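Here is a short report on one protein structure. Please look over the model first, then read on for its salt bridges, its sheet and one buried acid.

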Amino acid sequence: MPTTKEHSPNQDLDYKILATGSKGNAVRIESIMFDCGIPFKHMKEELYKCRFLCITHTHKDHINPSTLKRIRKDFPRIQIIANYDVAYTYPVDIVAGTKPIMLKKGITLYPFEGQHDVPVTGYVIDMKGCKILYATDTCKVINPIDDKLDYIFLESNYDEKKLRMIGSQYIKKGYDPYANAERHLSRERCKAFWFGNRRNADSPLIELHMSERFY
């Protein structure tokens with residue numbers, strides 16, 4: 001069962017990390033759920049607070065097909081937003097390209113392309129002036145808006161030093177962590193992005209998708 005974590009670094013933003021990592025991903029930020037890669041029963045209660053579901057890419061730890069089907073059936077008012085690659089396989093309501101999407105008055109979504117082994121989309125939400133970035137499973141991240149960010153939810157998969165120190169041990173076992181690292185953002189690059197794009201020192205970094213072996 002995924003571990004549920006609640007954070008409240010700032011009372012102005014209501015968010016909950018239901019799960020993050022290779023075993024499943026689902027994060028609610030206000031009325032938007034990002035990804036549905038866990039069993040439906042583990043996210044059902046949070047879906048009552050949601051009006052939108054943003055999917056980042058097609059990997060099964062980000063889309064659980066049976067969960068998505070149940071969301072469609074039990075929560076038909078939730079609009080599903082995803083990129084063209086997701087839309088080839090799953091029904092979506094809005095296909096995210098690179099143009100802004102107005103979700104409702106006061107909330108605009110700015111999709112942007114990440115870089116992974118499949119097409120992946122990150123999102124910046126402008127929520128009544130609060131700028132929030134969400135991006136995971138990418139080795140590249142940009143800030144698509146001409147403004148600083150108030151909250152940064154970002155891939156922080158591995159520690160570069162730790163990978164150099166113990167990565168070779170896994171090569172002998174038939175797993176190539178260096179090739180995997182090329183598809184993900186390191187902890188160091190995550191924090192560099194945060195320092196360069198945060199509004200001020202009080203703007204939180206919420207690290208996502210941390211490796212159990214190399215973080």
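Which residues are linked in a network of salt bridges? They are D14, K16, R28, E46 and K49.

Some ground rules come first. This is a predicted model, in which local features need pLDDT of at least 70 and side-chain atom pairs count only at pLDDT 80 or more, while totals for chains, interfaces and linings use all residues. Residues are numbered from 1 along each chain as its sequence is written, and side-chain values use heavy atoms, with hydrogens and water left out.

**Salt bridges**

A salt bridge here is a side-chain nitrogen of Lys or Arg within 4 Å of a carboxyl oxygen of Asp or Glu. By this rule the count comes to 14 salt bridges. Three of them are listed here.

| Pair | Closest N to O distance |
|---|---|
| K16 and E46 | 3.2 Å |
| E46 and R28 | 2.5 Å |
| K23 and E212 | 3.6 Å |

Take K16 and E46, which meet in a salt bridge of 3.2 Å. K16 lies in strand β2 (residues 15-19) and E46 in helix α1 (residues 44-47), so the pair ties together parts that are 30 residues apart in sequence. Helices (H or I, at least four residues) and strands (E, at least two) are DSSP runs, numbered from the N terminus. K16 is buried, with a relative accessible area of 13%. E46 is buried too, at 8% relative accessibility. Buried means under 20% relative accessible area, exposed over 50%, and partly exposed in between, using a 1.4 Å probe and protein chains only.

E46 also forms a salt bridge with R28, at 2.5 Å. This pair links helix α1, home of E46, to strand β3, home of R28, across 18 residues of sequence. Both E46 and R28 are buried.

The K23 and E212 salt bridge has its closest N and O atoms 3.6 Å apart. K23 sits in the loop between β2 and β3 (26-29), and E212 in the segment after β13, 189 residues apart. Both K23 and E212 are exposed.

**The sheet**

What is the order of the strands in the open sheet? The 6 strands run β8-β9-β10-β11-β12-β13, with mixed pairing. β8 and β13 (205-208) stand at the edges with a single partner strand each, so one side of each is left without a neighbour in the sheet. The twist averages 20 degrees from one strand to the next. Angles run from 0 to 180 degrees between N-to-C directions, and axes are lines fitted to C-alpha atoms, for helices over the stretch in contact. Two strands pair if DSSP finds at least two bridges between them.

Start at β8. Strand β8 (residues 101-104) pairs with strand β9 (residues 107-113) in the antiparallel sense over 3 bridges. I101 stands opposite L109 in β9. K104 has I107 as its bridge partner in β9. The two strands form a hairpin with 2 residues between them, and G106 in the turn has a positive phi of about 95 degrees.

Next comes β9. Of its 7 residues, 5 are buried, so β9 is largely enclosed by the rest of the structure. β9 pairs with strand β10 (residues 121-127) in the antiparallel sense over 7 bridges. E113 has T121 as its bridge partner in β10.

Strand β11 (residues 130-135) and β12 pair in the parallel sense over 4 bridges. Here L133 stands opposite I152 in β12.

**E155 and its surroundings**

E155 is found in strand β12 (residues 151-155). What is the nearest side chain of opposite charge to E155? It is R189, 7.9 Å away, and the buried E155 has no salt bridge. Lys and Arg count as positive and Asp and Glu as negative, while His and the chain ends are not counted.

The side chain of E155 makes polar contacts instead with the side chains of T136 at 3.1 Å and H184 at 2.6 Å. A polar contact is a pair of N or O atoms within 3.5 Å; within protein, one must be able to donate a hydrogen and the other to accept it, and residues adjacent in sequence count only if both atoms are side-chain atoms.

Leaving aside neighbours within four places in sequence, E155 is in contact (heavy atoms within 4.5 Å) with residues including D137 and H209. D137 lies in the loop between β11 and β12. D137 has a positive phi of about 55 degrees although it is not a glycine. D137 is buried, at 2% relative accessible area. H209 lies in the segment after β13. Its phi is near 60 degrees, again positive in a residue other than glycine. H209 is buried, with a relative accessible area of 5%.
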